[in-house]
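Biologist: Could you walk me through this protein as a newcomer? I would like to ask some questions as we look.

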Amino acid sequence: EPITIVEMAETIVSVMKKKLVIDWMPNQPDKCRHLMIDTSKVKAELCWQASTSFEDGIRQMCTTLGLI
């Protein structure tokens, strides 16, 4: 499921119970604005598919690292 960078940041700070202040940069026309990861190759070659949501994965990682 697609997720934006802002949604990623909001999820991380929500899990860590922190405040988020977004500092927006001016548009940079020479920079890539969108990036999508295609997981079809790993699914086809390794028969692997993610079974953990982004939020649950962040929560597990933060717990393991003692951040929450």
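**A friendly tour in questions**

Biologist: Where does Leu65 sit, and which residues join Leu65 in a nonpolar patch on the surface?

Modeller: A word on the basis: this is a predicted model, where local features need pLDDT of at least 70, side-chain atom pairs count only at pLDDT 80 or more, and totals for chains, interfaces and linings use all residues. Residues are numbered from 1 along each chain as its sequence is written, and side-chain values use heavy atoms, with hydrogens and water left out. Leu65 belongs to the segment after α3 (54-64); helices here are DSSP runs of H or I with at least four residues, and strands are E runs of at least two, numbered from the N terminus. The patch, with about 390 Å² of accessible area together, holds Leu65 and also Met61, Leu67 and Ile68.

Biologist: Is Leu65 buried or exposed, and what makes a patch?

Modeller: Patches take residues with over 30% relative accessible area and no salt bridge, joining like charges within 9 Å and nonpolar side chains (Val, Leu, Ile, Met, Phe, Trp, Tyr) within 5 Å. Areas come from the Shrake-Rupley method with a 1.4 Å probe, and for residues only the protein chains shown count as cover. Buried means under 20% relative accessible area, exposed over 50%, and partly exposed in between (1.4 Å probe, protein chains only). At a relative accessible area of 55%, Leu65 is exposed.

Biologist: How many salt bridges does the structure hold, and which residues are linked in the network?

Modeller: Side chains of opposite charge can pair when their charged atoms come close. The rule for a salt bridge is a side-chain nitrogen of Lys or Arg within 4 Å of a carboxyl oxygen of Asp or Glu. Arg59 meets Glu55 at 3.1 Å, N to O, and meets Asp56 at 3.5 Å, N to O. The structure therefore holds two salt bridges, and the network links Glu55, Asp56 and Arg59.

Biologist: What separates Arg59 from Glu55 along helix α3?

Modeller: Both are partly exposed, Arg59 with a relative accessible area of 33% and Glu55 with 36%. They are four residues apart in helix α3, so the separation is about one helical turn.

Biologist: How many disulfides does the count come to?

Modeller: A disulfide is a covalent bond between the sulfur atoms of two cysteines. The rule asks for a pair of cysteine sulfur atoms within 2.5 Å. Cys62 is buried at 2% relative accessibility, whereas Cys47 is exposed at 71%. By this rule, the count is zero.

Biologist: Which helix gives the most to the lining of the largest pocket?

Modeller: On a 1 Å grid over the protein atoms alone, a pocket is an open set of points with protein on both sides within 12 Å along at least five of seven lines, and lining residues have an atom within 4 Å of a point. The largest pocket has a volume of about 1500 Å³, and 34 residues line it, with Ile3, Thr4, Ile5, Met8 and Leu35 nearest its centre. At least two lining residues each come from α1 (5-15), α2 (40-46) and α3. The helix that gives the most, with five residues, is α1.

Biologist: What is the phi of Lys17, and where does Lys17 lie?

Modeller: Lys17 lies in the loop between α1 and α2 and is exposed at 73% relative accessibility. Its phi is a positive value in a residue other than glycine, near 55°.

Terms used. 1 Å grid on protein atoms, 1.4 Å probe; cavity = no way out; pocket = protein on both sides within 12 Å on 5 of 7 lines; lining within 4 Å. Points joined across faces, edges and corners; volume = space filled by probe spheres on them.
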